[in-house]
Structure formats: structure tokens, C-alpha cells
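Biologist: I should be grateful for a close look at the largest pocket of this structure. Which residues lie nearest its centre, and which elements line the pocket?

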Amino acid sequence: ELSASSVFSHVPTEEIADGTGGPGKKTTPKQVRFNVPSFPRGLDKPRIVLGGLSEHLNTMNRSRRLMFVGCGTSFHAAVAARGFIEEMAEIPVDLQLASDLMDRQCPIFREDTCIFLSQSGETADTLQALRYAKARGALCVGVTNTVGSAIARETDCGVYIHCGAEIGVASTKAYTSQIVVLTMIALAMAANKNDKAARSEEVINALVSLPEIVRKALQLDKHIQSLAKELYEEQSLLVFGRGYNYSTSLEAALKVKELAYMHSEGINAGEMKHGPLALIDSNLPVIVVCTKTDAVYPKMVSVIEQLRARQARLIVLCTEDDEELISQKDKFASLIIVPSSVDILQPVVNIVPLQLLSYHLTVLREFDVDQPRNLAKSVTVTE
């Protein structure tokens, strides 16, 4: 068994490792309408139980759209899960930054379901957006880590992610746990759809095996530490992703700038030719997330070829079953090889080495990993 407390000396790395407990980890008594997801015991096949949503799933399935609202890392978790939720619920999904939603006074209707994501449950912008949506009659669902928080109290229903207290300012395990819970919400919404049964079973089985896969990803720590020694004196870093892993690029870049104070940018690889390609040269480090489980894999291979043609300093993240890219490892500045999971859960695996990279960059640059300057764990002001 991996003991995070014996391996890591800073809070964020303990929390990266601590997020591997898997669905069903329960630290507080069951809530009446807002509780932790679980797999019931004693069944031939695992299935999703979301007691906090059980009375509202029919309403959610009849919604004209699902609107996910969050800030920062919570928003990125929604970006990761959006495609799978659209696939399983067959309802349009709208993603909103809470502050931008309020700036625009976005129209919200009674037929909408609004899902509010916040680790602390106290994020001021998200709370303001929640009250705005509630006043317009939308069903309001909360996804938070904090029992009894403002979002838990003010939403109509919801799910606790219960990943344990997250002490470090930079969110790590809350991000991966939010993706898991959003995946489970999508599965719950599709539970009675026969045409989704095979896909649901595939993802549920992958959820069961996810903790062990993430533990394997944590074993990349030494390799990531060596990579950080090559990068810590750089001033900028680009991260390209697409499909499910667009969120991985956004979150990896956020962690690097948040902790290591290094300029970093997460870019949708589909937009590469619309400006970012002008930045590419032999000095700028570029991370490309190209995992074989994603449907956009051939397009990401094409991105790698285009960047190589421009002598990019490439760091490629691929899965262990990708013989094509592994055979070309000498052509890259570095190759990060991660275990495979199902497409929707691959971002949970992929972010782990990139979170570790931000940690090691921060240590090498001699900054405070636990308390980055100018930031607070819970953002309780709106301006």
C-alpha cells in the first residue's frame, strides 16, 4: 500500500496521492439529500448510487440543457466531463465561468438544470451564480467537498465528492475527484437507457480499477523530478490537449503558473494553427497530451508531427500501449508514459504526472508549494 504521508514532504503531493481512494470512500454520516457516491456491496455487477440525486434524476433528464458553473480548477473538471455527459444524457451541456455568467446576466430558464462545482462550497462567484439561477427557477445541483458548506445548504440537491480535506491552496485531488463524480452523474442519468448499457458497464468497470491505475501513475515521480530539473529555469511552457484532454492542458498550465510562477498556457490543439504555432521554436518547451484512448488520438499524432517539423522542444505524454510513439522516444525531449484507462477517466490519470511536475518545478525554483503568493484556498470575494 502506498502511504502518501511517508513518501511526500509537502501537502500538495500528499493530496495528489490521497485522491486514489476511489468511489465509495466515506468519511461522514450519510446525508438525507446531499451525499457521497458509492458502489453498493453484494451485487453481481457494480452500479452507481447517488442518493442525493435520486429524487431529481427524472427532472434532470427532462432538462432542456445542463449548465455547469465553476471557477478555476472546478471549471476545468467540468470541461473534462462535458463530452461524456452529453454522450450519456443526450442533453446539450453549457459550461460557464461563474464570474462571466454574472457579468453577462446569462439567461437561465425553469427547464434548465444548473450544476455548481466548488471544492470549498464557499466560492463567492459560484454562490452568486447559484442564487441568480435559483431566483429564475432552475433546478440547482451542488458538487462540493465540504459538508454543510453554503453550496450544500442552498442547492436543491447534490453530491459530496468526499476526497478528504484539501489543505494546500492548489487544488489537486479535488480536481480528479470532481471528474469521477461528474462521470458518475452521467452514468446515473443514463441508468435506464438500454442503448447506453454497454458503454455504462465499460466505464463503471474502469471506475473500479481507477485507484490502482492512479497508483501506477504516481510511480512516475522520479522521472518527473528529472524532467523538472531540465525545465525549472525556463520562463514559459505550452501544454497542448484536445478532446477529453483539453481539460488536462488547462489544468496542468494552471498548476504550473499557480505554484511555480512560470508562465504557462493550456491550448486546445485544434486551435494550434490559429496563432499559437507562431510561438514554436527549438527553445520553448511544449507538452503534448496524446493518449491512445481518446478518439482524437490521430489528430494529436498529426499535431506532434507538425511541431516536430518546426523543431519544437517536445515533451509527449502517451499511454503505455502506444508502441508507435514509444518507438520514437529518441525524437522527443522527453516521453511521459502513463497507464491506460477508459477515455473519460484518462484525464484523471494524465493529470497526475503533470501535477507532480508543477510540484517539482516549485521546489527547484525555491517557492512555497503549500501557500503560493497572493492566493487563498477559498475565494470569498467576487471582485
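Modeller: The following account describes the pocket, after a word on the model. This is a predicted model, in which local features need pLDDT of at least 70 and side-chain atom pairs count only at pLDDT 80 or more, whereas totals for chains, interfaces and linings use all residues. Residues are numbered from 1 along each chain as its sequence is written, and side-chain values use heavy atoms, with hydrogens and water left out. The mean pLDDT (the predictor's confidence in each residue, from 0 to 100) is 89 for the protein, and 88% of its residues reach 70 or more.

A pocket here is an open set of points, on a 1 Å grid over the protein atoms alone, where a 1.4 Å probe fits, with protein on both sides within 12 Å along at least five of seven lines; lining residues have an atom within 4 Å of a point. The largest pocket holds about 470 Å³ of space, a volume being the space filled by probe spheres set on the points, which are joined across faces, edges and corners. Its lining has 26 residues, and those nearest the centre are Cys 71, Gly 72, Thr 73, Lys 377 and Val 379. Two or more lining residues come from each of α4 (72-89), β4 (112-118), α6 (124-135), α8 (173-189) and α11 (246-260); helices (H or I, at least four residues) and strands (E, at least two) are DSSP runs, numbered from the N terminus. By character, the lining of the largest pocket comprises ten nonpolar, eleven polar and five charged residues, where Ala, Val, Leu, Ile, Met, Phe, Trp, Tyr, Cys and Pro count as nonpolar, Asp, Glu, Lys and Arg as charged, and the others, Gly among them, as polar.
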